[in-house]
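Got your viewer open? Let's take a walk through this one, a stop at a time.

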Amino acid sequence: MSPAVQRILAVDWAADTLVLARLEADGTVVEVESASVPGNPRTVSADGAGEEAYVATAGVPAFSVVEVRSAGAGTRKELGAAPYAVVAGLDGNRVCLADWAGAKVYVHTPPSGTPVPVPVSAGPFALAAAPGKDLVCVVHDGNATAARQLKIVKVGDGATPTGVQLPGEARALVVNPAGTHAYVGCRGVVSSNDGTLAVVRLSDGTVAAEPRVGREPAAVAISPAGDRLCVADNGTASLSVAQLSNGLPGTFLTLPVARRPHAVAFSPDGNLIYVLSRTTGGLSAVHVGLIGGKLKGVCREVPTLGAAVPSSVVFSPDGAVAHVTDQAAGVLIPVRVGPSVLQEVGTGAGSRPSSVSVTPDGSRVVCADSAANRVLVSEVSGASAGTPGPIALPGDTGKIKPWGVATGKPSDKPAFAVVTSPPTDECFAIIPEEGQTLSGEVTVKPVALPSAAAPRGVTVTSDGRYALTANSGGESLSRIDLQGGAATIPASEVQCNQPVGVEIGGTNGDTLYVADYDGKGGKGHVSVLKRQATGWKWHSDITAESDKLQGAHELALSPDGKYLYVASYLNSRIAIFLWDSGTASWKWQASPAISGLTNPYGLALSSDGNYLYASSKETKRVAQLSVQDGTGLTRTAWYKIDATAKSAASLTLSAKGYLYASDEVDGYVYGIKIPDQGGTYDMQRLTGKLPLLKPAAGIVNRGDKLYVVTLSDNGTGKEKALTELTIDPDDPLKITASTEPKPPLTEEPYGIAARADGPLYITNQTARTISVRGDTLVTTVDLSTASDSEPREVACNAHHAVITDAARQKPVIHHLPLDTLTPSTPLTASAPSTGLAISPDGTRAYAAHPTTNSLTVLDLSAAPKILEQWTELAAPDRLTVSPDGKDVYATSLQGDRLQIIDAATGVVRCTTAPGTSLAGHAAPPRNGAAARLYVTDSTAERFLVLDTGTHTPGTPKPAGTDVRQAIRTTTQESS
């Protein structure tokens with residue numbers, strides 16, 4: 001088949017020409033030609049094949065026929081009267097022309113038939129007919145009586161026209177595509193009265209309905225499908241729209257538009273109406289749609305059209321572009337209806353970008369690549385995104401599959417990213433190093449979530465403190481403390497009378513051993529805690545008779561986790577316990593007394609488990625004990641602390657082989673490089689910027705830092721504190737800096753423990769609690785409401801988290817307050833929900849239901865509640881709200897389209913298809929720039945940068961001198 005060529009045909013009143021503008025496939029004008037049509041051309045119409053254009057020339061008693069393909073000069077056809085209006089493409093390819101002065105219409109049968117006059121009423125000024133039909137409707141304005149007459153002319157049979165009495169003077173006319181009904185806009189009888197739309201059944205010429213409209217209807221139009229009608233009213237600056245059923249309009253929806261509207265046009269899909277105003281030079285874009293069977297609409301003004309006197313508007317075949325004629329400037333102004341693709345950014349061969357997030361400052365785009373264990377970071381410069389750089393996620397490369405990604409930014413730190421991996425039940429925090437960004441050096445920290453959690457959606461709180469994950473497999477939500485803040489394990493879980501020492505166990509640091517100085521039930525006591533999905537919980541007790549363990553102090557766990565050593569302060573022994581895998585419990589093994597080791601206080605165990613170090617308060621010494629078979633302890637060296645008085649000393653070992661001791665009385669820290677052989681050695685007071693830490697209690701090494709807790713000093717009034725000491729990498733016995741991490745301690749501390757990459761655990765002996773500092777604390781909340789519960793996405797405002805659930809048995813939307821994480825009663829949803837987005841002001845949430853082509857709107861201004869349901873959508877799945885809160889972006893479940901939905905009404909403003917596998921998307925902050933949207937196109941191995949601006953005028957195309965009424969034609973032409 002020959003290709004179809006689209007053109008816009010427009011009459012140029014001043015130049016006596018017909019403008020023919022050929023369109024590209026994307027709707028833009030590629031070429032403008034003109035054909036001479038002398039005699040003041042007024043209107044144009046084309047035959048059904050779009051091959052010939054018929055021009056009514058009001059200045060001469062003839063009309064012109066222009067061959068569209070060649071754009072040659074018009075062929076003059078004598079009429080004997082000067083026509084004002086024309087309609088072509090009727091039954092038998094006939095043409096009808098209106099003779100205003102002669103009160104006639106002429107019917108012409110191409111190519112050479114003599115036009116046949118048909119008498120009508122005075123002053124026929126407009127004609128309308130359905131393509132290929134034999135009935136032409138005529139309205140008049142020659143006098144008041146004629147203005148209230150509609151004439152129905154049947155072309156080709158010479159019959160007398162049917163007359164229809166109208167309820168008012170006709171001002172506008174249209175016939176539906178089926179040719180069954182005519183619609184006449186009639187002005188009110190007096191200026192204060194409403195106008196009327198006369199609905200005329202053409203089969204018998206009866207008025208079937210007379211609904212009220214504005215008092216000065218200036219234009220009437222019908223959608224291409226014939227299912228929707230609109231009336232623009234001059235007097236009230238409004239547009240009334242109604243659904244048509246069997247040709248009859250339903251209840252009208254009336255919306256305000258630009259002042260004195262005079263021309264209207266429907267988009268090809270019937271969901272958009274452009275309204276022009278000659279008075280203001282403006283364009284009103286009216287979007288309409290059915291929501292729950294009810295017609296809703298929204299009007300967006302286009303303030304920058306740039307037309308002096310806009311005359312008519314025509315849409316391209318796909319509705320992507322409209323063209324406005326400006327009669328004053330003689331130009332065609334293109335208007336891009338929907339978003340445009342600004343850039344395609346490749347993500348690499350074999351990639352599958354699934355989700356995308358933009359940093360809060362708009363400087364980086366982060367994509368989760370579900371085909372590999374990585375995320376991709378693209379730096380944004382102006383409107384462009386740079387080539388993405390990969391960041392590998394540590395772990396099992398065959399199992400890690402990124403799914404959701406979110407970004408955040410604390411006020412005093414660079415932006416970071418968090419990505420979920422459902423197959424491995426974890427998320428990854430990607431944190432820039434000091435002075436770096438996500439495009440530079442980063443630390444990737446895996447965070448284990450509960451087993452079978454399968455986290456999918458993820459969001460970050462506005463302060464950058466927490467990440468929230470929707471756990472599709474675990475039927476739960478997890479909150480992750482990204483900043484490693486402070487938390488407290490309550491006394492009810494610690495279950496110690498006087499907790500002092502603390503040690504960390506378990507392969508993932510999921511076990512705490514807490515020494516209870518006062519004991520329990522008259523026995524020596526160590527409490528065992530386990531980290532569970534909902535936090536730290538008491539698990540069990542380790543006890544021994546008082547002759548074996550009394551006054552439990554610091555602890556040390558063997559590297560293989562089989563032996564636990566406890567300083568038994570009150571009976572000067574080291575209690576040793578063995579893990580019994582058969583009973584899954586700790587069994588006491590021995591409590592040796594070491595000669596010269598009185599009141600053992602601090603303990604530290606070498607990384608290979610071969611040497612145990614124990615400090616003695618009475619002798620101010622540290623014993624180095626060789627460990628044989630786990631329970632045999634033999635002293636091989638002494639390390640002396642040069643303190644002025646008897647003093648307790650907590651101990652810690654560094655990975656570089658240094659032993660450090662805090663001195664309670666003097667308030668200093670001492671250290672020594674562990675010698676290769678036995679003997680007696682002096683520990684040295686650390687040099688450099690070492691503050692006085694008095695009275696010092698627990699000490700622990702973590703990386704290049706020492707952490708020391710000090711007690712309150714009633715004598716000096718000094719408050720309890722946690723002090724961080726930075727070790728000189730070239731001289732491990734020198735301190736280069738000291739600081740007190742925030743927030744300050746609130747309880748009286750004692751012992752402290754940490755692993756190289758984990759949090760600090762501080763025992764609070766008076767409060768009988770444990771403070772956790774610097775942890776990626778994971779708090780998990782159960783959300784299950786049905787056996788098939790499947791939390792999918794999570795979003796939050798400053799007060800609440802909202803979670804969608806894909807459960808089919810009992811569809812719900814979860815919500816809970818962020819301060820307590822206590823789930824509230826779920827909101828009943830109409831269907832399983834997937835995508836989720838919250839408005840920038842935090843007052844609304846939108847949940848997607850792809851299986852029912854709908855969205856649920858939630859009010860979050862107080863306790864979350866459902867406001868309304870939006871229907872008639874295209875399987876919405878992933879959602880984003882525009883930065884100004886006016887639109888909701890929704891990609892379909894099939895990934896074949898992107899819809900822009902008005903956030904106030906639920907009306908679809910635009911549907912576009914920039915890719916075939918559209919998935920996640922994110923909008924950067926506006927910051928004065930044009931609206932952008934980043935959309936992943938997963939199977940195409942790319943993400944797209946869209947300009948989401950709608951109704952965007954382009955560069956005017958010169959077309960003539962006084963270009964007015966325009967139509968669009970389709971012609972089959974050889975390539």
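## Stop one: a lysine in a loop

Select K548, which is partly exposed, with a relative accessible area of 23%. Keep in mind as you click around that this is a predicted model. K548 sits in the loop between β50 (535-544) and β51 (552-557). Now show what surrounds K548: leaving aside residues up to four places away in sequence, K548 touches S568, N571, A575, W588 and S591. Then pick A590 and put a distance label between the C-alpha atoms of K548 and A590. You should get 7.6 Å, although the two residues are 42 apart along the chain.

## Stop two: the cysteines

How many disulfides does the structure have? The count comes to 0. For background, a disulfide is a covalent bond between the sulfur atoms of two cysteines.

Select C299 to see how this plays out. The closest cysteine sulfur to that of C299 belongs to C230, and it is 12 Å away, too far for a bond. C299 itself is partly exposed, at 22% relative accessible area.

Next, jump to C910. Its closest cysteine sulfur is the one in C299, 16 Å off, so no bond can be drawn there either, given a cut-off of 2.5 Å. Unlike the partly exposed C299, C910 is buried, with a relative accessible area of 9%.

## Stop three: salt bridges

There are 29 salt bridges in the structure, and a few are worth a click.

Begin with R22 and E31. They form a salt bridge, with the closest N and O atoms 3.4 Å apart. Is this pair's arginine buried or partly exposed? R22 is partly exposed, with a relative accessible area of 30%, and E31 is partly exposed too, at 32%.

Move on to D91 and R94, whose side chains meet in a salt bridge at 3.6 Å, N to O. D91 is partly exposed, with a relative accessible area of 33%.

Now for R300 and D887. This salt bridge has its closest N and O atoms 3.2 Å apart. R300 lies in strand β29 (residues 294-302) and D887 in strand β81 (residues 887-892), so the pair ties together parts that are 587 residues apart in sequence. Turn on a surface here: R300 counts as buried at 19% relative accessibility, and D887 is buried as well, at 6%.

Before you leave, add D902 and R909 to the selection. Together with R300 and D887, they are linked in a network of salt bridges.

Notes: Residues numbered from 1 in each chain as written. Predicted model: local features only at pLDDT ≥ 70, side-chain atom pairs only at ≥ 80, totals over all residues. Heavy atoms only, no water. Helix = DSSP H or I, 4+ residues; strand = E, 2+ residues; numbered from the N terminus. Buried < 20%, exposed > 50% of the residue type's maximum accessible area, 1.4 Å probe, protein only. Contact = heavy atoms within 4.5 Å. Salt bridge = Lys/Arg side-chain N within 4 Å of Asp/Glu carboxyl O.
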